[in-house]
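Me: I have a structure open and would like to talk it through slowly. Could you help me read it?

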Amino acid sequence: MVEENGVLNLNRLYKAEQGLCVEACAEIFVAEDTESLLTVGFSDRLRLWVNEEEVYQGSWKWNPPANDGRIRPDHAHIPVQWKAGFNTIRAEVAHTEFFGWGLAVRTGLPGSLKEDFSL
(Lines give C-alpha, C1' and ligand atoms only; values in the text may rest on other atoms or scores of the structure.)
Protein backbone atom coordinates (compact mmCIF):
# COMPACT_ATOMS: atom_id res chain seq x y z
CA MET A 1 0.00 0.00 0.00
CA VAL A 2 1.24 3.46 -0.85
CA GLU A 3 0.73 6.45 1.39
CA GLU A 4 -1.65 9.32 0.57
CA ASN A 5 1.19 11.27 -1.05
CA GLY A 6 1.81 8.36 -3.46
CA VAL A 7 5.08 7.21 -1.87
CA LEU A 8 5.76 3.53 -1.28
CA ASN A 9 7.17 3.76 2.25
CA LEU A 10 9.57 0.83 2.45
CA ASN A 11 9.99 1.37 6.22
CA ARG A 12 6.49 -0.05 6.68
CA LEU A 13 7.43 -3.24 4.79
CA TYR A 14 11.05 -3.87 5.77
CA LYS A 15 13.20 -3.08 8.76
CA ALA A 16 15.45 -0.20 7.72
CA GLU A 17 18.94 -1.67 7.65
CA GLN A 18 21.85 -0.09 5.85
CA GLY A 19 22.74 -2.07 2.75
CA LEU A 20 19.26 -3.58 2.33
CA CYS A 21 18.03 -3.57 -1.27
CA VAL A 22 14.56 -4.35 -2.68
CA GLU A 23 13.16 -4.68 -6.18
CA ALA A 24 9.69 -3.64 -7.26
CA CYS A 25 8.14 -4.29 -10.65
CA ALA A 26 4.99 -3.13 -12.42
CA GLU A 27 3.47 -3.83 -15.82
CA ILE A 28 1.44 -1.26 -17.73
CA PHE A 29 -0.43 -1.45 -21.02
CA VAL A 30 -0.01 1.24 -23.68
CA ALA A 31 -2.36 1.26 -26.69
CA GLU A 32 0.23 2.57 -29.18
CA ASP A 33 3.91 3.50 -29.35
CA THR A 34 4.36 6.76 -27.49
CA GLU A 35 6.89 8.80 -25.54
CA SER A 36 6.42 10.35 -22.11
CA LEU A 37 8.41 11.98 -19.36
CA LEU A 38 8.62 9.50 -16.48
CA THR A 39 9.30 11.14 -13.11
CA VAL A 40 10.64 9.50 -9.97
CA GLY A 41 11.29 10.36 -6.36
CA PHE A 42 13.27 8.11 -4.05
CA SER A 43 15.62 7.68 -1.15
CA ASP A 44 18.46 6.51 -0.90
CA ARG A 45 19.75 4.91 -4.13
CA LEU A 46 17.78 3.91 -7.25
CA ARG A 47 18.31 1.94 -10.44
CA LEU A 48 15.35 1.93 -12.86
CA TRP A 49 14.63 -0.17 -15.95
CA VAL A 50 11.88 0.17 -18.55
CA ASN A 51 11.40 -2.95 -20.66
CA GLU A 52 14.65 -4.31 -19.17
CA GLU A 53 16.69 -1.31 -20.41
CA GLU A 54 18.29 0.70 -17.63
CA VAL A 55 17.04 4.29 -17.91
CA TYR A 56 18.16 5.82 -14.61
CA GLN A 57 20.64 5.43 -11.77
CA GLY A 58 21.10 7.89 -8.93
CA SER A 59 21.33 8.73 -5.22
CA TRP A 60 19.33 11.11 -3.04
CA LYS A 61 20.39 11.47 0.58
CA TRP A 62 20.12 13.71 3.59
CA ASN A 63 22.78 16.38 3.05
CA PRO A 64 21.66 19.76 4.46
CA PRO A 65 21.57 22.44 3.34
CA ALA A 66 22.03 21.18 -0.26
CA ASN A 67 19.56 18.24 0.03
CA ASP A 68 16.91 17.53 2.61
CA GLY A 69 16.52 13.89 1.47
CA ARG A 70 12.71 13.97 1.33
CA ILE A 71 11.06 11.91 -1.39
CA ARG A 72 9.53 14.14 -4.06
CA PRO A 73 7.86 12.44 -7.05
CA ASP A 74 9.45 14.86 -9.51
CA HIS A 75 13.07 14.55 -8.34
CA ALA A 76 14.30 13.07 -11.65
CA HIS A 77 12.80 13.28 -15.16
CA ILE A 78 13.45 10.53 -17.70
CA PRO A 79 12.21 10.53 -21.31
CA VAL A 80 10.85 7.06 -22.09
CA GLN A 81 9.78 5.48 -25.37
CA TRP A 82 6.88 3.11 -24.66
CA LYS A 83 5.97 0.34 -27.08
CA ALA A 84 2.42 -0.65 -27.96
CA GLY A 85 1.27 -3.44 -25.63
CA PHE A 86 2.60 -4.38 -22.22
CA ASN A 87 5.64 -2.57 -20.80
CA THR A 88 7.54 -3.25 -17.60
CA ILE A 89 9.03 -0.88 -15.06
CA ARG A 90 11.48 -2.37 -12.57
CA ALA A 91 13.09 -0.47 -9.72
CA GLU A 92 15.90 -1.44 -7.37
CA VAL A 93 15.92 0.72 -4.24
CA ALA A 94 18.81 0.50 -1.78
CA HIS A 95 18.86 1.75 1.81
CA THR A 96 22.22 3.39 2.57
CA GLU A 97 21.41 5.73 5.47
CA PHE A 98 19.73 5.30 8.84
CA PHE A 99 16.75 7.45 7.77
CA GLY A 100 13.67 6.20 5.93
CA TRP A 101 13.55 5.06 2.33
CA GLY A 102 10.93 4.83 -0.38
CA LEU A 103 9.92 5.30 -4.01
CA ALA A 104 7.36 7.17 -6.14
CA VAL A 105 6.95 6.83 -9.93
CA ARG A 106 4.81 8.80 -12.39
CA THR A 107 4.59 7.45 -15.93
CA GLY A 108 3.45 10.68 -17.58
CA LEU A 109 1.09 8.61 -19.74
CA PRO A 110 -2.34 10.22 -20.10
CA GLY A 111 -5.10 7.69 -20.58
CA SER A 112 -3.22 4.76 -19.02
CA LEU A 113 -4.92 2.80 -16.24
CA LYS A 114 -3.06 4.93 -13.72
CA GLU A 115 -1.11 7.98 -14.79
CA ASP A 116 0.54 8.17 -11.37
CA PHE A 117 1.35 5.07 -9.36
CA SER A 118 3.96 3.76 -7.03
CA LEU A 119 5.92 0.59 -7.56
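Me: How far apart are the mean positions of the positive and negative charges of the chain?
Reply: In this predicted model, the chain carries 11 positive and 18 negative charges, and the mean positions of these two groups are 7 Å apart.

Me: And what does the surface add up to, and how much of it belongs to carbon and sulfur atoms?
Reply: The accessible surface of the chain comes to about 7,000 Å², and carbon and sulfur atoms account for 50% of that area.

Me: Switching topic, how many helices and strands does the chain have?
Reply: There are nine strands and zero helices, so that the elements, read from the N terminus on, run β-β-β-β-β-β-β-β-β.

Me: Which residues of strand E2 are on the covered face, and which on the uncovered one?
Reply: Strand E2 spans residues 21–30, and its covered face holds Val22, Ala24, Ala26, Ile28 and Val30, whereas Cys21, Glu23, Cys25, Glu27 and Phe29 make up the uncovered face.

Me: In what sense do E2 and E7 pair, and over how many bridges?
Reply: E2 pairs with strand E7, which covers residues 85–94, in the antiparallel sense over ten bridges; as for Ala26 on the covered face of E2, its bridge partner in E7 is Ile89.

Me: What about the whole chain, why does its radius of gyration agree with a compact globule?
Reply: Because a compact globule with 119 residues would have a radius of gyration near 14 Å, the 14 Å of this chain agrees with that expectation. Buried residues make up 43% of the 119 residues.

Key. Residues are numbered from 1 along each chain as its sequence is written. This is a predicted model: local features need pLDDT of at least 70, side-chain atom pairs count only at pLDDT 80 or more; totals for chains, interfaces and linings use all residues. Side-chain values use heavy atoms; hydrogens and water are left out. Buried means under 20% relative accessible area, exposed over 50%, partly exposed in between (1.4 Å probe, protein chains only). Helices (H or I, at least four residues) and strands (E, at least two) are DSSP runs, numbered from the N terminus. Two strands pair if DSSP finds at least two bridges between them. The radius of gyration is taken over C-alpha atoms; the globule rule is 2.2 Å times the number of residues to the power 0.38. Accessible areas come from the Shrake-Rupley method with a 1.4 Å probe; for residues, only the protein chains shown count as cover. Lys and Arg count as positive and Asp and Glu as negative; His and the chain ends are not counted. The place of a charge is taken as NZ of Lys, CZ of Arg, CG of Asp or CD of Glu.
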